[in-house]
Amino acid sequence: MALFVVSDLHLGESTLASMFRDAEQGQRFADLCAGIGRGSDNELVLLGDIFDLTASCPPPRGVAGFARALGIPLEERPQRELPQIMRAIRECNPAALDALEALSANTRVTLVPGNHDRHLAEPGGREALDAAGLRTVKIEPMAVRYVLDKVVVLQHGHAWDPSNASSTGGGETMTAVIHHAVLPFLRHLAPRSNVHIDPDRLVALRPEERVVPVLERWLKPGVFETFIDALLELLVANGALWRPMAWLTTPSMMRWRLKDDDDLWERAGHSALAVLEGAKTLPGKPPPPDVLVLGHTHVMDWAVHEGRPGVQRLYVNLGTWSARASDAAGPMDATMPLLRLEADSRVLRAELFDVSSKWRTLQRFEAIR
């Protein structure tokens, strides 16, 4: 028996900027599913943000005002039902989702929703997953597995991030604003001499607030200031920013917020290690873990907690399969991380692989029963 775990694929619609390309990541994912399916008692855990549903949902208010302020033709798009969105995502990612459907017919597949696909843990979520043809994929708010005498806890990890712990924290609105307002604005701009503007790069930025310094590099003086004013007004209209704060917000303040969000992976790691040493409890109050696996931050992390003599516990963050960038011009990170947990009669083994590079081993851990 082996447990395989991936996180943060961000499968979306081709009409939007894509973080997951079916011809590239999708084919690698299909190969992974085929390999898992050859095992007699394997399980695949999809650890959240597998589907980018929040990107498919436009902001409910303010898009027309944003367009008028920037002088671009842009109409507010109607909200769609969740099954319709899931069917569209299926159509745009046939390699990945055909393989996942085939795997789940004979192998256990469990989805733990994250903040970008939290809808699948809510009423109607089962029907939406069925609409995408994934009728045998199970949905669990978190996954707890027992391997030998070890407790393995798998959560997406957004519950520790105030911006994304709930749909009203601001992160969901920022995603909608980027996909349905900022990107259309950039695509409407006339080309700028000596500056290459890549609108699709914005969705690969982590944290999402990094859009501010990147656009400061791309936009002409005057246009940038007008854009910031329109962006803040759009965030206010959708409840992601208190209006008095919008009056006081400057690009410098946004960069300070960006630095705070950029440390999210470190804060997540500190919290995870505190859980492993028994100083902190996990959301949902699962059993104390020997192995804790998270996603969400889009940054791979691996840390071992040394307990009493001979006892070690493991924290893993799975990063992301989607393209990842942190600046305006540098290369994209194209790593595709996969965690495999397996055991014989005495030893639990955990290995972190990069599937994009012939299953290159990144980290390895062993714990004796």
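**Exercise 1. Decide whether Glu351 is buried, partly exposed or exposed, and describe the salt bridge that Glu351 forms with Arg364.**

Step 1. Glu351 has a relative accessibility of 11% and therefore counts as buried, where buried means under 20% relative accessible area, exposed over 50%, and partly exposed in between, for a 1.4 Å probe and protein chains only. The model is predicted, so local features need pLDDT of at least 70 and side-chain atom pairs count only at pLDDT 80 or more, while totals for chains, interfaces and linings use all residues. Residues are numbered from 1 along each chain as its sequence is written, and side-chain values use heavy atoms, with hydrogens and water left out.

Step 2. Arg364, with a relative accessible area of 54%, is exposed.

Step 3. The closest N and O atoms of Arg364 and Glu351 are 3.3 Å apart, and the two residues form a salt bridge, a term that requires a side-chain nitrogen of Lys or Arg within 4 Å of a carboxyl oxygen of Asp or Glu.

Step 4. Because Arg364 lies in strand E12 and Glu351 in strand E11 (residues 347-354), the pair ties together parts that are 13 residues apart in sequence. Strands (E, at least two residues) and helices (H or I, at least four) are DSSP runs, numbered from the N terminus.

**Exercise 2. Find which residues are joined with Glu140 into one salt-bridge network, and describe the bridge between Glu140 and Arg108.**

Step 1. Salt bridges with shared partners join Glu140 to Glu43, Arg108 and Arg145 in one network, and the structure holds 20 salt bridges.

Step 2. Within this network, the side chains of Glu140 and Arg108 meet at 3.6 Å, taken from N to O. The two residues are 32 apart and link distant parts of the chain, since Glu140 sits in the loop between E4 and strand E5 (143-147), whereas Arg108 belongs to strand E3.

Step 3. Glu140 counts as buried at 17% relative accessibility, while Arg108, at 39%, is partly exposed.

**Exercise 3. Place strand E2 in its sheet and say which strands are at the edges.**

Step 1. The open sheet is formed by seven strands in the order E4-E3-E2-E1-E10-E11-E12, with mixed pairing; two strands pair if DSSP finds at least two bridges between them.

Step 2. At the edges are strand E4 (138-139) and strand E12 (360-368), each of which pairs on one side only.

Step 3. Strand E2 (residues 43-46) pairs with strand E3 (residues 108-111) in the parallel sense over four bridges, and E1 and E2 also pair in the parallel sense over four bridges. Glu43 stands opposite Arg108 in E3, and Leu3 stands opposite Glu43 in E2.

Step 4. From E2, Glu43 and Val45 point one way and Leu44 and Leu46 the other way, and all are buried. In a regular strand the side chains alternate between the two faces of the sheet.

**Exercise 4. Describe how helix H1 and helix H4 are arranged against each other and against the strands.**

Step 1. The axes of H1 and H4 come within 7 Å and cross at roughly 15 degrees, where axes are lines fitted to C-alpha atoms, for helices over the stretch in contact, and angles run from 0 to 180 degrees between N-to-C directions.

Step 2. This angle makes H1 roughly parallel to H4, because angles under 35 degrees count as roughly parallel, over 145 as roughly antiparallel, 65 to 115 as roughly perpendicular and the rest as oblique.

Step 3. The residues that make the contact include Phe29, Ala30 and Cys33 of H1 and Ala99, Leu100 and Leu103 of H4, contact being heavy atoms within 4.5 Å.

Step 4. Helix H4 (residues 94-106) lies across E2 and E3 and runs at about 120 degrees to E3.

**Exercise 5. Give the strand order of the five-stranded sheet and name a bridge partner within this sheet.**

Step 1. Five strands form this open sheet in the order E5-E6-E7-E9-E8, and the pairing is mixed. The edge strands, each pairing on one side only, are E5 and strand E8 (300-306).

Step 2. Strand E6 (residues 150-154) and strand E7 (residues 291-294) pair in the parallel sense over three bridges, and the bridge partner of Val153 in E7 is Leu292.

Step 3. Helix H11 (residues 264-276) packs on this sheet, touching E7, E8 and strand E9 (312-318), and the direction of H11 makes about 155 degrees with that of E9.
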